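Me: I am in my first year and would like to learn how to read a protein model step by step. Could we go through one together, with questions and reasoned answers?

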Amino acid sequence: MPIINKFLEIATDEGITIYNITPQLEDFIESTAIKNGQILVFSRHTTTALAINENEVRLLEDIKVFLQKLAPNSEHYLHNDLHLRDVPEDEPINAHSHLMAMMLSTSEFIPIVDGKLALGTWQSVLFFELDGPRKRTVFLQISGE
């Protein structure tokens, strides 16, 4: 069974931003000969995440508000006591971003059927930036036949 890897690079905006990466996944699948199998989508950062959900503007805003309530950046977090840690000078105050990421997922497996993602009608693959702006990398791996 062939396995094909790719890195998807995303330049993100400031704060919590959500990106629909479904079109990039579809393009990657289309560039291969794989008709049936699966794609692994893996976030390579501790302050980013992935989810499958509806890509609707008002829902995406609701998700941002919900995440901010779960881990407000105004709270005191031990991770943010930079003077007590050995960190680079440009180390951000971002404990809240790590905590938000833990509430989501770092990876998604999606079936490929007849050369297409087997997503439901309203499902999209969403990439969450929780500590931007940054240059991010998502690892993609397709396996199948």
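What follows is a set of questions and answers about this model, which is predicted.

Me: In what order do the strands of the open sheet stand?
Reply: In general, strands of a sheet pair through backbone hydrogen bonds, either parallel or antiparallel. Here β1 and β8 pair in the antiparallel sense over nine bridges, while seven bridges join β3 to β8, also in an antiparallel run. On the other side, β3 pairs with β5 over six bridges, again antiparallel. Taken as a whole, the open sheet has five strands in the order β1-β8-β3-β5-β6.

Me: Which strands stand at the edges of this sheet?
Reply: The order of the five strands is β1-β8-β3-β5-β6. A strand at an edge has a single partner strand, so one side of it is left without a neighbour in the sheet. The strands for which this holds are β1 and β6.

Me: Which residue of β8 is the bridge partner of I39?
Reply: Strand β3 covers residues 37-43 and is joined to β8 by seven bridges, and β8 itself covers residues 135-144, of which eight out of 10 are buried. Among the residues in contact with I39, leaving aside neighbours within four places in sequence, are L25, F28, Q141 and I142. The bridge partner of I39 in β8 is I142.

Me: Which residues touch the most other members of the largest nonpolar core?
Reply: In soluble globular proteins, nonpolar side chains tend to be buried together. The largest nonpolar core here has 19 residues, and β1, α1, β3, β5, β7 and β8 each supply at least two of them. Apart from this core lies another, of 15 residues, which includes I18 and A71. In the largest core, the residues that touch the most other members are I21, L25, I39 and V41.

Me: Is N94 buried or exposed?
Reply: N94 is found in the loop between α2 and α3, and the class of a residue follows from its relative accessibility. The value for N94 is 4%, and the cut-off for the covered class is under 20%. Therefore N94 counts as buried.

Me: With which side chain does the side chain of N94 make a polar contact at 2.9 Å?
Reply: Leaving aside neighbours within four places in sequence, N94 is in contact with T47, H79, N80, D131 and R134. One of these contacts is a polar one between two side chains, at 2.9 Å. The partner of N94 in that polar contact is D131.

How values were computed: Residues numbered from 1 in each chain as written. Predicted model: local features only at pLDDT ≥ 70, side-chain atom pairs only at ≥ 80, totals over all residues. Heavy atoms only, no water. Buried < 20%, exposed > 50% of the residue type's maximum accessible area, 1.4 Å probe, protein only. Helix = DSSP H or I, 4+ residues; strand = E, 2+ residues; numbered from the N terminus. Pairing = 2+ DSSP bridges. Polar contact = N/O pair within 3.5 Å; in protein donor to acceptor, adjacent residues only side chain to side chain. Contact = heavy atoms within 4.5 Å. Core = buried A, V, L, I, M, F, W, Y, C linked by side-chain atoms within 4.5 Å.
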